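This report goes through one protein chain, with attention to confidence, strand pairing, salt bridges and disulfides. Please keep the sequence and the 3D view at hand.

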Amino acid sequence: MRPAAVFTGITGMAVVAGLLMAGEARLRGDTAGEETSPAEGTATAVPDAAAEPAATISDERAEMIARSGEPAAPPSPAARDGTAPKPADIPQQAAPAAGGTASPAATKAMELPRPMVENAGSLFFGERRLQLAGIVPTPADRICGPAGRQWPCGMMAKTALRQLLRNRSVTCDLDTAEWQGTATAACRLGTQDLGAWLAENGWAEAAAASPLAAVSEKARQAGKGIYGGDPRRK
């Protein structure tokens, strides 16, 4: 056999063997690729899922959600029917009488025990004072009469009222028996009005526009009480 033919035969066998090996390697590569593809997809998917950030909520959003769960305040009567409350439905408060004088419509007769006399026209009950209506109280330190014949008419007027009362209870027209400070009211001892008694006997002058003005003027003309002389000289 010729050397050239032998070489050609060996070369052909080597080429065939190389082609077979290449084909086998290619087949193995395709199978491995199919087996590893799902794994690669899974490995890729897992990091993507893990890499996704968790949902977060802001403080403002949380506060809005909390408020939405609170019960709503009940609507007012005006909001339900669309009308404003009538004036008759609103309680009204009576205005207090001005100047500390009780309004005639609001007064009622109240018995006050054992009044003390401050002067001819004013009584007191502890720290509370009561001025008789219709007259001007005569100060206890008032002095009457001309020079040389002066006399303590204020003290005499106070003594006259004290002797009339003699520590007895009086009935006064007041809106409350628990007034504070000084109140002005008409008072009676039995059926005798104390202010009228003082004006009739001249122990107190009538107040301006008082219904006792005529009575006081009559006492002045008669020289009674403070309009006269010292009763101790008679």
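The sections below start with model confidence and then turn to the strands and the side-chain links.

## Confidence of the model

The structure is a predicted model. Its chain has a mean pLDDT of 74, and 58% of the residues reach 70 or more. In residues 31-58 the pLDDT is below 50, and this stretch has 3 contacts in the model beyond near neighbours in sequence. Residues 65-82 also stay under 50, with 5 contacts beyond four places in sequence.

Among the elements of the chain, the lowest mean pLDDT, 45, belongs to helix α3 (residues 77-81). The highest, 97, belongs to helix α5 (residues 194-200).

## Strand β6 and its partners

Strand β6 pairs with two other strands discussed here. Strand β1 (residues 108-112) runs antiparallel to β6, and 5 bridges join the two. In this pairing, E111 stands opposite T171 of β6. β6 also pairs with β8 in the antiparallel sense, over 2 bridges. There T171 stands opposite R188 of β8.

The side chains of β6 alternate between two faces. V170, C172 and L174 point to one face and are buried. T171 and D173 point to the other face and are not buried. Two of these residues, C172 and D173, return below, since C172 is joined to C187 by a disulfide and D173 meets R188 in a salt bridge.

## Disulfides

The structure holds 2 disulfides. Counting bonded cysteines along the chain, they follow the pattern 1-2, 3-4. One of them joins C172 to C187, with a sulfur-to-sulfur distance of 2.1 Å. The torsion about this S-S bond is about 110°, so the link is right-handed. The pair connects distant parts of the chain, with C172 in strand β6 and C187 in strand β8, 15 residues apart. C172 is buried at 0% relative accessible area, and C187 is buried at 1%.

The other disulfide is formed by C144 and C153, whose sulfur atoms are 1.9 Å apart. With 65° about the S-S bond, this link is right-handed. C144 counts as buried at 5% relative accessibility, and C153 counts as buried at 0%.

## Salt bridges

The structure holds 5 salt bridges. One of them is between D173 and R188, at 3.1 Å from N to O. D173 lies in strand β6 (residues 170-174) and R188 in strand β8 (residues 187-189), so the pair ties together parts that are 15 residues apart in sequence. D173 is partly exposed, with a relative accessible area of 23%, and R188 is partly exposed at 21%. β6 and β8 are therefore tied by this side-chain pair, and a disulfide between C172 and C187 also links the two strands.

E217 and R220 form another salt bridge, at 2.6 Å from N to O. Both residues lie in helix α6 (residues 213-222), 3 residues apart, a separation of about one helical turn. E217 is partly exposed at 32% relative accessible area, and R220 is partly exposed at 43%.

A further salt bridge brings together the side chains of R232 and D230, at 2.9 Å from N to O. R232 is exposed, with a relative accessible area of 52%, whereas D230 counts as buried at 8%.

Methods. Residues are numbered from 1 along each chain as its sequence is written. This is a predicted model: local features need pLDDT of at least 70, side-chain atom pairs count only at pLDDT 80 or more; totals for chains, interfaces and linings use all residues. Side-chain values use heavy atoms; hydrogens and water are left out. pLDDT is the predictor's confidence in each residue, from 0 to 100. Helices (H or I, at least four residues) and strands (E, at least two) are DSSP runs, numbered from the N terminus. Contact means heavy atoms within 4.5 Å. A salt bridge is a side-chain nitrogen of Lys or Arg within 4 Å of a carboxyl oxygen of Asp or Glu. Buried means under 20% relative accessible area, exposed over 50%, partly exposed in between (1.4 Å probe, protein chains only). Two strands pair if DSSP finds at least two bridges between them. A disulfide is a pair of cysteine sulfur atoms within 2.5 Å.
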